[in-house]
Structures are given as C-alpha cells and as structure tokens.
Amino acid sequence: FFKSNAMDVKSKARIVLGGMTLRELSAMLAMLGGTTRIVYANEGTVEQFENDVAIALEDKNTFIIVNYLRSTLNQSGFGHISPIGAYNAGRNQVLVVDVAAHKYPYTWIDIHKLFAAMNTADGDLSRGYLVVTFGEKHARSLPASPEGV
C-alpha cells in the first residue's frame, strides 16, 4: 500500500502524523483499482449501514471500512479507521478488525453504538464508512461515490 501510486494522494509521513479522511482513503484505494462509495454517517442511517455490511460480507471482493471516534466507544485516542470483519445480525453486532491490534484487539461492537461513533465530526465532514470493491465484475454494481472516485 505505502509503496504504490496511492502515495500520490497522501504520503506515508503525512498519514502517520495526521491520519487521513474517508475521502483521502477512497482516493488511495481508487489508485489501487478499487471502486469505493463513501457514506457519511450524518447523511445515512444505521439501517443503511446494516444493509451495506450484510451485503458486503456476502461478497469476497467487497469490504466495509469504518471511520469512527474512539472516545465515543470508551477507547483512548481520536479518529480511527478499521475494517469490518463479520456481522452478527441476531446480536446486532459487527466485528471491528482493529488495525492497531497492539492497542485494541478485534472487538464485537453494537452496530448502533458504532454508527453513533461514526456520526461525529472529522474536520468539516462527518465520519462514516467506505464500501470498497475490487474486481471488474463486482465494481459495476456499486453506485459511484459522491466525489466520483
């Protein structure tokens, strides 16, 4: 990832020092051949999020990446980005596969609480999630993101 043309969007040093927004991550994944759709939590619903998670996890080429405020979930730190690894509809929970596993292990989180943690400000925009698809066949079925990435 950090040795690809995705670094044309934002350098590794700038990511390490200041993180990245959903828009930047979307652009970077597009540089790697992914098709993305950004959903800002303040413009979506928890029901839409549940539906997107359920559909994405049925397709081996589609992924959900969330951007949430850690403190809202009683974790230390600020904004954070991690993928969703599983969904338990019966318990209304998603498995956040934390990319900083040295700090927080993979964790089952109530989907409503996670959505509330995404429905927080990240600069001038809301946090939210990305639906990311790699592969020609599946990419055609995703609507374009608002930024056209």
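This is a short chat about the sheet, the salt bridges and a few single residues of one predicted model.

Me: Before we start, what sort of model is this, and how are residues numbered?
Reply: The model is predicted, so local features need pLDDT of at least 70 and side-chain atom pairs count only at pLDDT 80 or more, while totals for chains, interfaces and linings use all residues. Residues are numbered from 1 along each chain as its sequence is written, and side-chain values use heavy atoms, with hydrogens and water left out.

Me: OK, the sheet then. In what order do the strands lie?
Reply: Six strands form an open sheet in the order β1-β8-β2-β3-β4-β5, and the pairing is antiparallel. Helices (H or I, at least four residues) and strands (E, at least two) are DSSP runs numbered from the N terminus, and two strands pair if DSSP finds at least two bridges between them.

Me: Which strands stand at the edges?
Reply: Those are β1 and β5, each with a single partner strand, so one side of each is left without a neighbour in the sheet. On average, neighbouring strands of this sheet are turned by 35 degrees against each other, direction ignored.

Me: And which helix packs on the sheet?
Reply: Helix α3 does, touching β1, β2, β3, β4 and β8 (128-133), and its direction makes about 145 degrees with that of β2. For such angles, axes are lines fitted to C-alpha atoms, for helices over the stretch in contact, and the angles run from 0 to 180 degrees between N-to-C directions.

Me: How many bridges join β3 to β4?
Reply: Four bridges join these antiparallel strands, and one pair of bridge partners is N88 with Q93 in β4. The two strands form a hairpin with four residues between them, and N92 in the turn has a positive phi of about 60 degrees. On the β2 side, β3 pairs with β2 in the antiparallel sense over five bridges, where L69 has G79 in β3 as its bridge partner.

Me: New topic: how many salt bridges are found?
Reply: A search of the whole structure finds three salt bridges, a salt bridge being a side-chain nitrogen of Lys or Arg within 4 Å of a carboxyl oxygen of Asp or Glu. One of them joins R37 and D52, with the closest N and O atoms 3.1 Å apart. That pair links distant parts of the chain, since R37 is in strand β1 (residues 35-40) and D52 is in helix α3 (residues 46-56), 15 residues apart.

Me: Are those two residues buried or exposed?
Reply: R37 counts as buried because its relative accessibility is 13%, and D52 counts as buried at 9%. The word buried means under 20% relative accessible area, exposed means over 50%, and partly exposed lies in between (1.4 Å probe, protein chains only).

Me: What about D98 and R70?
Reply: Their side chains meet in a salt bridge of 3.2 Å, N to O. D98 lies in the loop between β4 (93-96) and β5 (107-110) and R70 in the loop between β2 (62-69) and β3 (79-88), so the pair ties together parts that are 28 residues apart in sequence. D98 is buried at 4% relative accessibility, and R70 is buried at 3%.

Me: And which residue does R127 bridge to?
Reply: R127 forms a salt bridge with D122, where the closest N and O atoms are 4.0 Å apart. R127 is buried, with a relative accessible area of 7%, whereas D122 counts as partly exposed at 24%.

Me: What joins N67 to R127?
Reply: A polar contact of 3.4 Å joins their side chains; the term stands for a pair of N or O atoms within 3.5 Å, where within protein one must be able to donate a hydrogen and the other to accept it, and residues adjacent in sequence count only if both atoms are side-chain atoms. N67 is found in strand β2 and is buried at 3% relative accessibility. Not counting residues up to four places away in sequence, N67 touches L22, H80, I81, M118, D122, R127 and G128, where contact means heavy atoms within 4.5 Å.

Me: Last one: how far from E50 is the nearest side chain of opposite charge?
Reply: That side chain is R91, 13 Å away, and E50 is buried yet has no salt bridge. In this count Lys and Arg are positive and Asp and Glu negative, while His and the chain ends are not counted. E50 is found in helix α3 and, leaving aside its neighbours within four places in sequence, is in contact with Y87, N92 and I111.
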